[in-house]
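Got the viewer open and a selection box ready? Let's take a walk through this one, stop by stop.

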Amino acid sequence: MNEEFKKIIRESLISHLDIDDDTRAGMTDDTIIFNTGDDRPNLGLDSIDSLELVTMIFELFGYDVPAEDVKKLYSVNAIAAYLNEHGITE
Amino acid sequence: MITVKQDDIGLYRDLFSGYRTLYTDRCADRTARAGRALYAFLDGEPAGYLLISDEHGGDFISYVFTVPDKRGMGVMQTLIRYAADTAEKMIGTAFSDAREFAPALMHVMEKLGFEQGGSRYMFRCDGDDLWERWDAYMNKTGKRLCDTLRRQGYSTVLLSEASEELLEQYRQTPTSEYKNPLNHQHLIMPGAEVTKDVSVLCVRNGVLSAYVFAYMPERRSAIFKTLSSSAALHGSGVILLPIAESLARVRERGCKQFVFSMDGIGDHANSFRDKVLSVLISKTSKRISYVYYPKRETNV
């Protein structure tokens, strides 16, 4: 997957969602950002953050993620894969 | 010896300087004018009072207060028993911010035949800069997020203008209070009518997605309750749109203060409170309301 593409997603995520420096330091592209309803550790971002994420993706890539798909955007890699599936690669 | 006297409401503030309630003085006055006030005296000394409102289709204990150094002497129990015994139709009661004496209060209510219907968290929003704070949030973040929701096809409909088809969808929701008008989990004021032209349904493709019901007991204050989205949309933030619309409506009416009444504080509700409502909520306002209902229809 295009590393530059993922970098854009990662940096936008950090700035739009107010992720603090400590959290950012331990964050990888596989870190789960939202509570996905299972036991996996996550950054604890919430519903308003998810709406912010959808808005961010629209502003960056012009793609409107349906509310029902938000749960698929659970990490940087997951976001990149989701966008790839919808024809957005850069 | 405890004696109870029913008297003009204007007396209570002079008699009991410890008076404090979730509502403003003006709101308390209005509640009191709509009903009656009972005063308790312990050996001739003012010991407590209780306000009863009858504006919800029956007697509703809206406030009870015992002077701190008179607590533990049966004052509260005497007042509540008197209220219940003299009520034409007792429909319920709720106590807010009962941290100091909640255990005693609960004990008294249960002893007198009431049962606890649940608890709610209530957050008071007020202050001279209330709407400026909200505008600042909306300008910085809220409008962008609402635009996203609108772009995705969500729109709002006032409850007063909702089609029968939409209302029927609402009636079918698990939290519908139309289905059970005395469903204590979702009522702060049993029997009270929602204010339909400030209550908002959120819809997409004709399907009910979220809703916010508000009460305006008077022009300058409102109570927001039943903030909910459909299960499939939990975590999507869609509730922001009807909230923003409902706030705009109460603001148009001149509202200067309001309360968010939320039950079952879960992850999503916490999130919404922390990320959105926090700009409105007064720092000292977190209160828990315990709602009680009589176990049977008749007086206890």
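Select α1(A) and α4(A) to begin: the two helices pass each other in a right-handed crossing. This is a predicted model, so keep that in mind throughout. To get the geometry, α1 covers residues 3-16 and α4 covers residues 76-85 of chain A; they pack at an angle of about 125°, with their axes 10 Å apart. That angle makes α1(A) oblique to α4(A).

Now show the side chains in that crossing. From α1(A) pick Phe5(A), Lys6(A), Ile9(A), Arg10(A) and Leu13(A), and from α4(A) pick Val76(A), Ile79(A) and Ala80(A). Colour them by class and you get 6 nonpolar and 2 charged residues, with no polar ones.

**Next door: Asp29(A)**

Stay in chain A and click on Asp29(A), in the loop between α2 (21-25) and α3. Which residues does Asp29(A) touch, once neighbours within four places in sequence are left aside? The contacts are Lys6(A), Arg10(A), Ser75(A), Val76(A) and Asn77(A). You have just seen Lys6(A), Arg10(A) and Val76(A) in the crossing of α1(A) with α4(A). Try a distance label between Asp29(A) and Arg10(A): their C-alpha atoms are separated by 7.5 Å, with the two positions 19 residues apart along the chain. Is Asp29(A) buried or exposed? Something in between: Asp29(A) counts as partly exposed because it has 16 C-beta neighbours inside 10 Å, where burial would take 20 or more.

**Zoom out to the whole of chain A**

Show chain A as a cartoon. Its secondary structure comes to 4 helices and 0 strands, and along the sequence the pattern reads α-α-α-α. Of its 90 residues, 33% count as buried. If you draw a contact map, take the pairs at least 6 apart in sequence: 53% of those contacts join residues at least 24 apart.

**Where the chains meet**

Bring chain B back into view and select the interface. The contact takes 15 residues from chain A and 18 residues from chain B. On the chain A side, the residues divide into 7 nonpolar, 4 polar and 4 charged.

For a helix pair that spans the two chains, select α3(A), residues 47-61, together with α5(B). They pack at an angle of about 75°, and their axes are 9 Å apart. The two helices are therefore roughly perpendicular to each other. On the α3(A) side, look for Leu51(A), Glu52(A), Val54(A), Thr55(A) and Phe58(A); facing them in α5(B) are Arg144(B), Leu145(B) and Thr148(B). By class, this contact has 4 nonpolar, 2 polar and 2 charged residues.

**Follow α5 into chain B**

Keep α5(B), residues 130-151, selected and add α7(B), residues 240-252. Their axes come within 10 Å and cross at roughly 140°, which makes α5(B) oblique to α7(B). The crossing here is left-handed. Seven names to select on α5(B) are Trp131(B), Trp134(B), Met138(B), Gly142(B), Leu145(B), Cys146(B) and Leu149(B), and these meet Leu240(B), Leu241(B), Ala244(B), Leu247(B) and Arg251(B) of α7(B). The classes come out as 10 nonpolar, 1 polar and 1 charged. Leu145(B) is worth a label, as it takes part in this contact and also in the one with α3(A).

**Strands of chain B**

Select β7(B), residues 154-158, and β8(B): 5 bridges join them, and they run antiparallel. Thr156(B) has Cys202(B) as its bridge partner in β8(B). Now hide everything but β8(B), residues 200-204, then bring the surroundings back. With 4 of its 5 residues buried, β8(B) is largely enclosed by the rest of the structure.

Move on to β10(B), residues 221-229, and β11(B). These pair in the parallel sense over 4 bridges, and Ser221(B) is bridged to Gln257(B) in β11(B). Strand β11(B), residues 257-262, is mostly covered, with 5 of its 6 residues buried.

**Last stop: two loops**

Just past β8, select Asn205(B), in the loop between β8 and β9 (207-218) of chain B. Its phi is near 50°, a positive value in a residue other than glycine. Asn205(B) is exposed, with 8 other C-beta atoms within 10 Å.

Then jump to Asp43(B), in the loop between β2 (35-42) and β3 (45-53). Phi of Asp43(B) is near 50° too, again positive in a non-glycine residue. Asp43(B) is exposed, with 10 other C-beta atoms within 10 Å.

Note on methods:
Residues are numbered from 1 along each chain as its sequence is written. Chains are lettered from A and ligands numbered from 1 in the order in which they are written. This is a predicted model: local features need pLDDT of at least 70, side-chain atom pairs count only at pLDDT 80 or more; totals for chains, interfaces and linings use all residues. Axes are lines fitted to C-alpha atoms, for helices over the stretch in contact, and angles run from 0 to 180 degrees between N-to-C directions. Angles under 35 degrees count as roughly parallel, over 145 as roughly antiparallel, 65 to 115 as roughly perpendicular and the rest as oblique. A crossing is left-handed if the near helix is turned anticlockwise from the far one by less than a right angle, and right-handed if clockwise. Two residues are in contact if their C-beta atoms, placed from the backbone, lie within 7 Å. Ala, Val, Leu, Ile, Met, Phe, Trp, Tyr, Cys and Pro count as nonpolar, Asp, Glu, Lys and Arg as charged, and the others, Gly among them, as polar. A residue is buried if 20 or more other C-beta atoms lie within 10 Å of its own, exposed if 12 or fewer, and partly exposed in between; C-beta atoms are placed from the backbone. Two strands pair if DSSP finds at least two bridges between them.
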